[in-house]
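Please look over the sequence and the structure below before reading on. The report that follows is meant for someone meeting this protein model for the first time.

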Amino acid sequence: MEQMSLFDDRKVNAPLASRLRPKTLEEFVGQEHLLGKGKMLRQLIEKDQISSMIFWGPPGVGKTTLASIIAGQTKAEFINFSAVTSGIKEIKEVMAQAENARKMGIRTVMFVDEIHRFNKAQQDAFLPFVEKGSILLIGATTENPSFEVNAALLSRCKVFVLKALTEENLIQLLCNALKAPAGFGGQKIHMTKEQLAAIAQVANGDARTALNTLEMAVLNGEIAPDGSITVTNEGMEQCISRKSLLYDKNGEEHYNIISALHKSMRNSDPDAAIYWMQRMLEGGENPLYIARRLIRFASEDIGMADSGALQVAVAAYQACHFNGMPECDVNLAHAVTYLSMAPKSNALYVACEETKRDIRTGRTDPVPLWICNAPTNLMKELDYGKGYEYAHDYENKLTRMQCLPEALKERKYYCPTEQGKEREVKERLEAIREWKMGDEEQDF
């Protein structure tokens, strides 16, 4: 728990991103959809009329900075609270202080960084104080608050979605850093527009990453006799050798990208599918996880339209076991492309969902006695297995025996499509069903 001094730490030896943290909305770069002239969040901050809110967005887009700006402009008591280092005891202590302040007519604004790290009990501790206005809560999170913040607490907060910064935003930040006295304004730095653009691109919308990369590039630049610094392309390559990808293997972006992969394959778009697959691998995803998702996809979205899809997906899983990273990426690309281009049918998925729904919501009737085994004499006496018709005893390998429970005997779960090989399955199944409804004999 800290007071406003956290936001005023601008020592020379602090990281560049910390030294350049904006103090006012005029200095803030990006988030024009929230902070442009006339936008709601800007007006709330300028008029000091903020309510409880949550800032949701990827790292390095200005969540903590907005809190620092609010801290500098509000007339309320401002308290910074970290979800990483604080527990229920600390929460209750601060809430008691805030309640006493409220009784004296003093508002308390509490900023909770990484609020998603609080568990349910810790979040519940805030709720009564937010409800009666003892505190105005500002939470910051990189995770979807729909999943990470209690519904009761979330319903009392306005959620503002912060977006990844554009390359133009980042270039502006970098130029400001080269000119600002708190940055490199007191030094003569030689950098090309292309070098600044390269840093902006590799930062992937993250201002902190962009400024840290700039600082590293300048510190490793060539110093001339006059004290000026030239950033070389060779030095730049060492600083930006690997792009900072937004990919949290346990977070929302993980599910966003696997969703993108599935939907690209479902839409028969191999270009997009390979791209999203590679994004996951570059972000550090376990290739076996991707392979397992492909196996599921092969039956869920292709099924009987091309049963070979399941074989390819399973083979890709085995190839990932044999090869490992980085060699197995082409095995996964092989499977992803095959699945993308295969004919699509979700008939098996629909059949599974329909049967689950009937089982969960309907009556669970017993297995018809004629298709039960009768391993004991007692079971035979009770007519277990009586009337069973062995399909192989018949010329066409079919009987008209009912296999579903009586209440479901007319139910059709598997409804094949006209796609790929499933067209042949559909024709055969329709013929079988028609034959079972009649009396005539037929060859299949």
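The sections below treat the nonpolar cores, one helix and its two sides, and the salt bridges.

## A predicted model

What is shown here is a predicted model, and the descriptions below should be read with that in mind.

## The nonpolar cores

The largest nonpolar core has 27 residues, and the members that touch the most others are L261, M265, M277, I290, L294, L332 and L339. At least two residues of this core come from each of helix 13 (252-266), helix 14 (270-282), helix 15 (287-302), helix 16 (308-323) and helix 17 (329-341). Helix 15 provides the largest share, 8 residues.

The surroundings of L261 give a closer view: leaving aside residues up to four places away in sequence, L261 touches A273, W276, M277, M280, I290, L294 and V336. Apart from this core there is a second, separate one of 26 residues, which includes L16, F184, L196 and A203. As a general background, nonpolar side chains in soluble globular proteins tend to be buried together.

## Helix 18 and its two sides

Helix 18 comprises the 15 residues 347-361, and at 1.5 Å a residue it should span 21 Å; because its end C-alpha atoms are 21 Å apart, the expected span and the model agree. Within helix 18, the residues A347, A351 and D358 are buried. Seen down the axis of helix 18, the buried residues fall within an arc of 40°, and therefore they line one face of the helix.

The buried residues of helix 18 pack against helix 20 (422-437). On the other side of helix 18, by contrast, R360 and T361 are exposed.

## Salt bridges within helices

The structure holds 19 salt bridges, and three of them are described here one by one. In general, side chains of opposite charge can pair when their charged atoms come close. It also helps to recall that an α-helix has 3.6 residues a turn, so residues three or four places apart point the same way.

In helix 3 (residues 40-46), E46 and R42 are 4 residues apart, which means that about one helical turn separates them, and their side chains meet in a salt bridge at 3.0 Å, N to O. The two partners differ in their exposure, for E46 is partly exposed with a relative accessible area of 43%, whereas R42 is buried with a relative accessible area of 8%.

In helix 5 (residues 88-103), E99 and R102 are 3 residues apart, again about one helical turn, and a salt bridge joins their side chains at 2.7 Å, N to O. Here E99 counts as buried, at 12% relative accessibility, while R102 counts as partly exposed, at 34%.

## A further pair and a network

Both K120 and D124 lie in helix 6 (residues 120-131), 4 residues apart, or about one turn of the helix, and their side chains meet in a salt bridge at 3.0 Å, N to O. K120 is exposed, with a relative accessible area of 54%, and D124 counts as partly exposed, at 32% relative accessibility. Elsewhere, R266, R296, E300 and D301 are joined into one network by salt bridges that share partners.

Definitions and conventions: Residues are numbered from 1 along each chain as its sequence is written. This is a predicted model: local features need pLDDT of at least 70, side-chain atom pairs count only at pLDDT 80 or more; totals for chains, interfaces and linings use all residues. Side-chain values use heavy atoms; hydrogens and water are left out. The expected span of a helix is 1.5 Å times one less than its number of residues. Buried means under 20% relative accessible area, exposed over 50%, partly exposed in between (1.4 Å probe, protein chains only). The arc is that of the directions from the helix axis to the C-beta atoms. Contact means heavy atoms within 4.5 Å. A salt bridge is a side-chain nitrogen of Lys or Arg within 4 Å of a carboxyl oxygen of Asp or Glu. A nonpolar core is a set of buried Ala, Val, Leu, Ile, Met, Phe, Trp, Tyr and Cys residues joined through side-chain atoms within 4.5 Å.
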